[in-house]
Amino acid sequence: MQLVKKYPYKHYNRFSDTTGRKYLVDNIKVPSVTTIIQATKDKRMLDNWRRRVGNKEADRIMHQASTIGTEMHKVLEYHLTGQGYYNMEDEGAKPRMMAKIILNNLKMSEVWGNEISLEYKNKFAGTADLVAVAYDKPSIVDFKQSNKLKREEYVDDYKLQLGAYYLCHTSHYGPIEQGVISICTRDLTYQEFKLNEPELQEYGDKFLHRVEQFNKLNKSA
């Protein structure tokens with residue numbers, strides 16, 4: 001795997017306020033991709049799950065997922081930049097193994113950048129986990145952790161995220177031909193979903209509709 005500085009990626013500072021995560025782009029505060037997705041998604045399934053398991057257990061599960069996800073991303077980030085990172089605490093063991101599973105299964109020949117700041121026409125911004133040549137195609141890759149294998153209908157938000165990053169990258173830097181959702185489960189099973197360019201365009205259009213919904217919600221708030 002070769003590290004290649006294909007594009008002069010800019011960095012945008014990220015911060016949070018009362019309305020969610022934002023980025024500072026050209027001195028304009030723009031909402032993050034994940035904030036827009038969370039604010040405009042259908043929460044009925046999540047609400048039903050919370051009622052079923054109870055708020056305390058739901059909070060515990062979500063906190064655990066967040067901790068494992070953050071640690072796994074950190075391992076991947078440091079590995080892809082050629083740096084060393086090793087959390088010797090118990091909480092570091094499982095994410096480290098999960099990151100290794102992803103690296104062993106995701107086929108890449110070049111890495112163009114990881115944790116890449118991307119923005120679109122001062123309307124939204126986000127951070128792509130990885131931009132690389134994966135499976136011989138210029139790709140945006142999103143790393144995810146999961147309790148169990150995902151059914152495809154449950155990864156629609158991930159596809160929206162890739163569609164948003166596709167819009168950003170193609171408008172500022174260069175072509176992207178593929179999106180890859182790279183998942184490792186807690187039992188160390190690898191799962192992958194790929195989007196071709198027409199699918200990325202489709203989900204990019206869907207995301208722009210969500211941006212409109214988000215803006216309407218904020219105007220009425």
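These legends walk through several views of one predicted protein model. Residues are numbered from 1 along each chain as its sequence is written, and side-chain values use heavy atoms, with hydrogens and water left out. Because the model is predicted, local features need pLDDT of at least 70 and side-chain atom pairs count only at pLDDT 80 or more, while totals for chains, interfaces and linings use all residues.

**View 1. The whole chain comes first, with its 6 helices and 9 strands.**
Helices (H or I, at least four residues) and strands (E, at least two) are DSSP runs, numbered from the N terminus. Along its principal axes, the C-alpha trace spans about 45 × 45 × 30 Å. What would a compact globule with 221 residues have as its radius of gyration? The rule gives a value near 17 Å, and the protein chain has 17 Å, so the two agree. That radius is taken over C-alpha atoms, and the globule rule is 2.2 Å times the number of residues to the power 0.38. Of the 221 residues, 45% count as buried. Here, buried means under 20% relative accessible area, exposed means over 50%, and partly exposed is in between (1.4 Å probe, protein chains only).

**View 2. Now for the open sheet, built from 6 strands.**
Read across it and you get the order β1-β5-β6-β7-β8-β9, with mixed pairing. At the edges sit β1 (2–3) and β9 (190–196), each pairing on one side only. Two strands pair if DSSP finds at least two bridges between them. Zoom in on β6 and β7 (residues 137–146): they pair in the antiparallel sense over 5 bridges. Look for Ala132, which stands opposite Ser139 in β7.

**View 3. Helix α5 covers residues 156–172.**
Is α5 mostly covered or mostly uncovered? It is mostly covered, with 13 of its 17 residues buried. Its length works out too: at 1.5 Å a residue, 17 residues should span 24 Å, and the end C-alpha atoms are 25 Å apart, which agrees. The expected span is 1.5 Å times one less than the number of residues in the helix.

**View 4. Here are two cysteines, Cys168 and Cys184.**
Cys168 counts as buried because its relative accessibility is 1%. Cys184 is buried as well, at 0%. How many disulfides does a search of the whole structure find? It finds 0, where a disulfide is a pair of cysteine sulfur atoms within 2.5 Å.

**View 5. Next up are two asparagines with a positive phi, Asn27 and Asn122.**
Most residues other than glycine have a negative phi. Asn27 has a phi of about 65° although it is not a glycine, and you can find Asn27 in the loop between β3 (20–25) and β4 (28–31). Its relative accessibility is 72%, so Asn27 counts as exposed. For Asn122, phi is near 60°, and the residue is in the loop between β5 (108–120) and β6 (124–134). Asn122 counts as partly exposed because its relative accessibility is 29%.

**View 6. Last, a look at His79 in helix α3 (residues 55–80).**
With a relative accessible area of 41%, His79 is partly exposed. Now pick out Lys100, which is 21 residues apart from His79 along the chain. The C-alpha atoms of His79 and Lys100 are separated by 9.7 Å.
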